[in-house]
Amino acid sequence: MSSESVIVTPGRRLGLTQEYESGPGTYVRNGMIYSSILGTKKIEQALAETSDDSIKRPMLFVERQNTKFAIPVIGSEILGRVVRINPRAASVAIMMVDSAPCQEDFQGIVRVQDIRATEKDLVQMINSFRPGDIIRAEVISLGDQRSYFLATTKNEHGVVFAQSEAGNSMIPISWEEMQDPKTQTIEKRKCAKPVT
Amino acid sequence: MSRQELISPEGLRVDGRRANELRRISCRASVLNSADGSAYYEQGNTKVLVAVYGPREPRNRSLAQQDHATINVEFNIAPFSTSERRKRSKGDKRLLEISSFVKQTFEGAIQTAIYPRSQIDIYIHLLQHDGGTLETCINAATLALVDAGISMMDYVCACTAGFIDETPILDLNFVEESSIEVPNLTVAIMPRNGNIALLQMESKLHSSKLEDVMELAVEGCKHIHRKLDQAVLVAAKDLADKLSN
Amino acid sequence: MAETKVVLPGDIIDTSLDSDEEESSVLRLGPGVAQIDEQVSAVAAGVLHSDNEKKQWWVVSNKRRYVPAEGEPVVGVVVARHGEGYRVDIGSAQGALLPLLAFEGATKRNKPNLAVGTVVYARVAVANSVMDPEIECYNSHTGKSEGYGELAGGFMFKCSLGLARRLIDSKAPVLNALGSGIPFEVAVGLNGRVWINTEAPATTVLIANAIKNSEFLDAKQCRQMVKELLEKQ
Amino acid sequence: MSANIFDRRRVNGPPRSVEPLYTDEGDVKPFTNGGRADGRSLDQLRPIFIKTGPLAVQPTFSPTAPSGSAYYEQGKIRISCAVYGPRQGRKSNPRMGSFDCDFQYAPFSCSWKRRPHIKGADEKEIALILEQAMAPAIRLEAYPKACIDAFVTVIESDGKFATISAAINCISAALADAGIELYDIVAACSMSLNASQWVSDCNQAEEDVSQCSLFVSRMPSADEITYLLQQGKTMPDQTDRAVQTCSNSCARVYAVLSRYLQASMEQPAS
Amino acid sequence: MASLILSPAEQDFIIRGVEKGFRGDGRGSLDRREVTLRTGMISQANGSARCRIGSLGVGTDILVGVKAEVNTWAAGEPEECGTIVCNVECSPSAAQEFEGRGADEINVELTQLLDRIVGGEQSGLDLRKLCIIPRQAYWVLHIDALVLDVKGGVADALVWATRAALLATKLPRVVVESVTDDSGVARAEFDVVDDAEDQMGLEGARDLPLAATFNQIGRRYVVDASEQEEAVTQAKLTVAVSPKMEICAIQKGGMLKGFAPSLLSEITQTALRIAKEEFARFDALFAEASKHNGELDEEPSTGSTFLEPF
Amino acid sequence: MVVEIEPSNIEREFLLEALEKGIRVDGRGIYDYRTLKITCSPTYGLVEVQLGQTRVLARVTCEVTRPFPDRPTEGLVQFNADLSNLAAPGLDSSSGKPSVQEVAVSRMIERVIRQSRAIDTEALCILAGEKVWSVRLDLHFLDHSGNLIDAASIASIAALRHFRRPDVTIDGEEAIIHDVNERNPVPLSIHHTPICVTFGFFGSNGDLMLVDPNLLEEQVQVSSFTITLNSHREICALSKAGGVPLAPSLIQRCTQIALTKVDDINDKIQEALMA
């Protein structure tokens with residue numbers, strides 16, 4: 001992948017849309033590709049499985065090495081902390097989006113019908129989340145004025161870390177139960193399948 | 001301003017009126033176009049512009065009442081209204097008192113039960129101030145509410161009255177209102193059954209005299225009722241002409 | 001019943017009473033008592049009660065703000081109606097939720113229709129520190145109303161939680177004394193609200209005042225006070 | 001006579017206070033014999049210094065470090081700016097992100113009398129001007145429902161219009177440093193009309209004497225003027241001439257900005 | 001500005017309409033709406049005017065009152081000229097969000113805009129005439145504007161109303177004579193002649209500017225945008241032009257896009273052309289308004305100006 | 001924002017039903033006041049009034065200040081009523097603006113004390129144009145269970161009559177203020193003692209009437225009317241703000257009832273001041 005590292009500032013003309021595809025860090029305006037962030041210009045040869053259009057155009061993008069702050073988009077996988085719960089929804093402070101930290105926590109809610117894929121109306125919020133749990137979830141919509149809508153329907157989504165009433169961290173023993181190793185008390189949660 | 005100067009020996013007051021004479025009233029409905037109902041009301045040199053919106057969705061839904069409409073009054077005084085220009089702060093108690101009086105008066109008059117979970121906004125602008133502020137605000141608000149087509153038990157007409165040298169006087173102007181010796185009574189009535197919607201009085205008046213001062217004020221209210229009726233008829237005729245031709 | 005002992009917050013309670021000696025017996029701590037680093041101590045000021053057999057300890061304190069606990073009967077006022085239930089004010093920190101289906105014989109089609117401001121007698125169904133409390137107007141196991149439901153007519157007044165608890169435990173002499181004189185219905189909520197209903201308003205007022213005054217009288221004075229009120233009426 | 005109205009929160013100062021007497025050292029008349037007091041030619045800008053980077057400036061009130069910040073000097077004008085975002089927006093709209101700007105003169109920063117810690121009307125208006133000047137340059141559709149906040153503090157100001165254009169350049173540098181997607185870097189420059197001659201980048205003394213002042217902020221790549229403000233009376237052709245020369249000096253400022261930004265990328269910020 | 005929410009279809013209709021030179025209310029891209037002007041409805045103020053921009057009775061409605069007050073000079077203030085203080089207030093009757101403190105932000109924006117056009121000496125008003133005694137007393141003109149309704153083009157209506165109010169303003173005559181107090185020092189004293197007939201107008205009120213706002217929609221621009229057009233505007237430029245065809249102030253607004261420099265010079269030329277027509281129209285309307293000022297009837301029924309329908 | 005806790009429907013219905021039979025929830029007759037307890041503390045000008053469970057504390061202090069330029073010979077009467085520290089739920093003072101109730105009460109008391117010229121302000125003048133006494137009345141509301149206005153007016157009048165200011169002698173331009181224990185302090189000169197009597201009206205057209213409504217009655221009443229009278233049978237203020245419109249004849253009846261009430265309240269104040 002030939003990449004002569006040239007540093008570009010935003011608004012620099014990089015190439016024509018006929019010759020290159022515009023990748024992240026660039027934008028297109030009447031037929032020209034411009035850089036939209038301060039970084040190094042990179043050209044990437046077309047990978048095999050790009051879309052099947054006839055000519056394989058290399059992708060042109062601008063790369064920045066320091067942390068780039070992410071914002072939740074539909075479909076991104078997030079890590080968040082449960083702040084409050086009420087019978088209809090749990091409000092979550094989103095801290096990480098697709099393994100990139102957020103500048104500040106975004107607000108999201110998991111509605112009770114988005115907790116589990118099966119028997120949606122038998123789900124009880126009290127047996128799924130507790131304030132303070134850390135959960136992994138997926139953004140299903142940009143939601144309303146204040147918060148994004150999240151869902152934990154997939155198996156690898158749900159509670160990844162929780163503290164028991166006695167205050168020690170618990171271990172998931174089934175998809176809906178976690179156990180406190182010290183006091184052996186079992187609490188009900190919607191657990192995420194541990195990723196080995 | 002001692003008592004003598006307020007009434008001259010031959011019974012004329014500071015601005016040349018008789019004891020039981022109202023100031024010149026001219027009023028007109030639907031003066032603003034974007035408001036649901038509006039009115040411009042002038043009594044002597046006191047000029048008030050009122051806009052009425054509603055019944056519409058309240059801005060923050062927690063205030064909406066289940067079974068009746070809430071009335072929201074905002075009263076602000078134009079900086080150029082008084083003789084020396086003074087910008088009043090939002091929390092000025094006199095300002096808040098007048099808007100709470102107007103609000104409570106119309107809570108009794110408007111049939112709020114018909115418009116549940118809604119809000120009726122009354123925005124009052126005092127363009128010029130020459131005494132009788134509360135009185136003109138109530139009359140102007142009545143005209144604007146009727147213009148907005150909001151269902152009310154009856155008109156609410158307000159008038160002020162005072163008492164100098166054993167004679168009750170009607171419709172006090174700024175000079176008479178601000179002199180301490182003159183008792184200043186504001187009464188608002190529902191003209192049909194004569195019931196009292198609002199009654200405010202300041203500084204001393206002997207209990208025996210209350211009867212005839214009130215009567216004079218009620219007389220004034222009836223006269224104002226006729227004026228308001230005319231204004232509504234004029235507005236209605238305008239509308240009728242526009243629609244018919 | 002162990003002799004009554006007044007405790008203050010922070011007093012250590014020695015639980016090793018003359019009960020049998022197995023040390024590892026499990027103690028059940030009720031309201032007002034907590035285990036603070038290996039010792040059982042009182043956290044509320046009031047009279048200490050203990051029930052030897054089941055090793056229960058609790059403190060009865062005369063507070064006015066009600067903290068919901070499961071199974072306790074309460075008298076609440078409907079404040080608002082939401083999609084899936086009523087929000088009922090029972091004097092606790094958060095308003096309680098009364099689901100539409102929590103009534104005897106309520107089904108998806110015929111749901112009870114309570115206006116805002118109605119008074120209900122209900123049982124606390126769910127009460128935990130994390131979520132708003134939930135109440136129900138029937139016994140969820142048997143499905144019967146067992147006296148719970150809407151309270152129509154009569155009058156309701158507020159009193160301290162201690163008095164309400166004593167009225168419910170049918171230890172209160174004032175209710176028996178009044179009962180012998182005048183027929184009346186009463187519903188006592190542990191959240192410090194009492195509902196009274198008789199035919200004439202005058203008698204309701206008399207009973208309400210009698211109950212309120214009886215808080216600090218002992219049994220004999222209570223009976224005396226009730227007798228005087230009945231003659232005066 | 002102590003004020004009889006009871007203001008529960010504020011401690012009322014003494015009823016009468018008098019202006020402190022001070023003698024200001026009369027500085028040099030700005031346009032003596034045609035030339036300028038500090039010897040610059042008519043269209044020469046004051047020297048610019050920029051420093052961007054995580055610790056360039058950290059306002060105390062915010063718990064997290066700003067995502068980008070910049071410190072900008074132009075002659076005696078010194079401005080610092082911190083950019084936060086993209087983060088949870090208060091009034092967020094689902095299609096596009098929003099850009100919010102906060103502008104503040106430090107109490108000691110300017111010659112005219114200022115009331116400390118109460119936002120003057122001019123500060124609120126300049127904040128609005130900065131928002132309207134910078135917003136066209138930011139790719140807001142890349143940050144749906146999020147909001148980008150810029151906090152600008154003027155440490156020292158010399159010339160009202162020159163300070164506004166310096167603030168715009170400073171925000172551009174901070175946004176680039178924060179890695180926020182921009183259509184282009186916005187460069188701004190100001191001029192004043194004195195005896196029917198346009199003088200660029202005037203300080204406070206020159207501005208007070210001039211009949212009219214004007215500033216232009218521009219995106220050179222798309223050749224788009226994002227903000228233009230003129231205060232004072234001119235003939236129409238004078239205004240066109242001023243906008244022309246001002247755009248050229250904007251291009252010069254743009255060159256300085258992008259050269260610095262490239263250099264800052266080569267050796268990563270210390 | 002109170003934000004009007006338009007569906008994408010409406011927006012597209014307006015944009016393509018403007019680009020073809022046709023607007024929602026049938027006007028050409030440079031035609032302005034009908035203006036109605038009334039003066040003198042606040043008798044206690046030194047000058048007042050009500051300006052409504054908009055045809056068929058629907059439109060932006062602004063009431064301006066001018067009050068003159070004597071101010072004692074303090075160290076640090078300019079020696080021999082009076083000052084103008086502007087203050088714009090949006091009434092909740094214009095939009096529900098202006099209730100309570102909701103209008104603070106827009107009030108600041110409009111006040112600064114008005115101050116920029118009328119405040120300084122570029123407004124053409126001769127501030128030196130407002131000085132009564134140098135370093136001692138001077139006139140302060142308080143311009144208070146009340147925005148009753150917002151239907152687009154608030155800036156233009158504001159400047160129209162302010163110019164009419166200032167032209168209608170009458171200042172009482174001031175008699176200045178030098179008085180030697182007992183310690184033999186000659187000091188100038190002044191007293192205000194409180195007589196309704198003996199009043200003089202403001203010097204230089206004729207040279208006050210008028211403003212026109214150009215809204216860029218799609219690739220073309222329109223003048224005096226209606227509320228719907230303002231909701232679609234990407235950038236707008238307000239140009240204030242004085243009767244002597246000088247540009248007093250230019251201010252660009254709008255958040256979404258900048259505009260090309262070439263468009264700028266085109267806009268300033270059109271602004272001058274439009275200004276000529278606007279001044280002619282203003283003088284005609286002002287003459288008609290002062291006829292209505294009610295000098296005719298004995299007790300000035302200054303209120304009547306509100307009464308006849310617009 | 002704490003939402004005002006509305007009385008439940010049955011409380012509302014029971015109260016009306018009882019009122020039709022002339023019975024009130026706390027056993028009082030419809031024209032009876034609650035027990036009125038006035039305690040004057042040893043320091044001058046500090047009086048606490050208990051009307052049933054409503055408790056108000058009034059404090060009067062004075063200081064020497066410069067008078068208003070346009071009234072050089074008149075002393076100042078300043079006044080402040082602060083409801084925010086009240087122990088009653090439902091007072092919405094979170095919005096910073098004084099709540100509707102605070103505006104109503106403080107404006108009413110100001111009208112009663114200042115507009116009706118209860119205190120002779122000329123007597124407060126020490127040196128015309130230079131020095132005058134400025135009398136300051138502070139009202140603190142300790143507990144709210146209905147009818148704050150009557151309790152506050154009784155507390156204000158009692159405190160003003162109980163207050164003594166230091167004596168002053170003037171020779172030429174100088175004024176000497178004597179210390180309290182050097183010369184016994186001088187009472188304020190009070191023209192008349194206005195007392196507020198508040199009525200509550202119930203029923204659809206407001207024909208059921210009662211005096212001194214408690215908290216529950218205040219929440220259920222459809223209209224209220226406050227009349228202020230002094231011992232010379234002069235009306236110092238009237239206030240009926242909104243609610244269901246009332247027949248004028250009702251107003252006359254209230255005036256007669258109020259006259260009797262004012263006399264025995266004045267006697268109670270007199271006893272408390274004597275003690």
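Start by selecting chain C of this predicted model, where the domain assignment gives domain 1 as residues 5–60, domain 2 as residues 73–150 and domain 3 as residues 155–232. If you colour domain 1 of chain C and domain 2 of chain C separately, you will find their centres, taken over C-alpha atoms, separated by 33 Å.

Move next to chain B and select residues 21–150 and 154–220, which an unreviewed UniProt entry lists under "domain: Exoribonuclease phosphorolytic". Keep residues 154–220 of chain B highlighted: this span is 24% helix and 43% strand, and the C-alpha atoms at its ends lie 17 Å apart.

Now bring chain F into view beside chain B and select the contact between the two, to which chain B contributes 28 residues and chain F contributes 30 residues. On the side of chain B that touches chain F, the elements giving two or more residues are α2 (93–109), β9 (195–202), β10 (205–206) and α5 (210–244). Centre on α2(B), since this element gives the most to that side, with nine residues. Colouring the residues of chain B that touch chain F by class shows 12 that are nonpolar, 11 that are polar and five that are charged.

Finally, select β9(B) together with strand β14 of chain F, residues 234–246, and follow the antiparallel pairing of the two strands, which runs over five bridges. Which residue of β14(F) is the bridge partner of Met201(B)? Display both strands as sticks and look for Leu238(F), the partner of Met201(B) in this pairing.

Conventions: Residues numbered from 1 in each chain as written. Chains lettered and ligands numbered in written order. Predicted model: local features only at pLDDT ≥ 70, side-chain atom pairs only at ≥ 80, totals over all residues. Domains from an automatic or database assignment. UniProt positions renumbered as here; feature names shortened; annotations may be inferred. Helix = DSSP H or I, 4+ residues; strand = E, 2+ residues; numbered from the N terminus. Contact = placed C-beta atoms within 7 Å. Nonpolar A, V, L, I, M, F, W, Y, C, P; charged D, E, K, R; others polar. Pairing = 2+ DSSP bridges.
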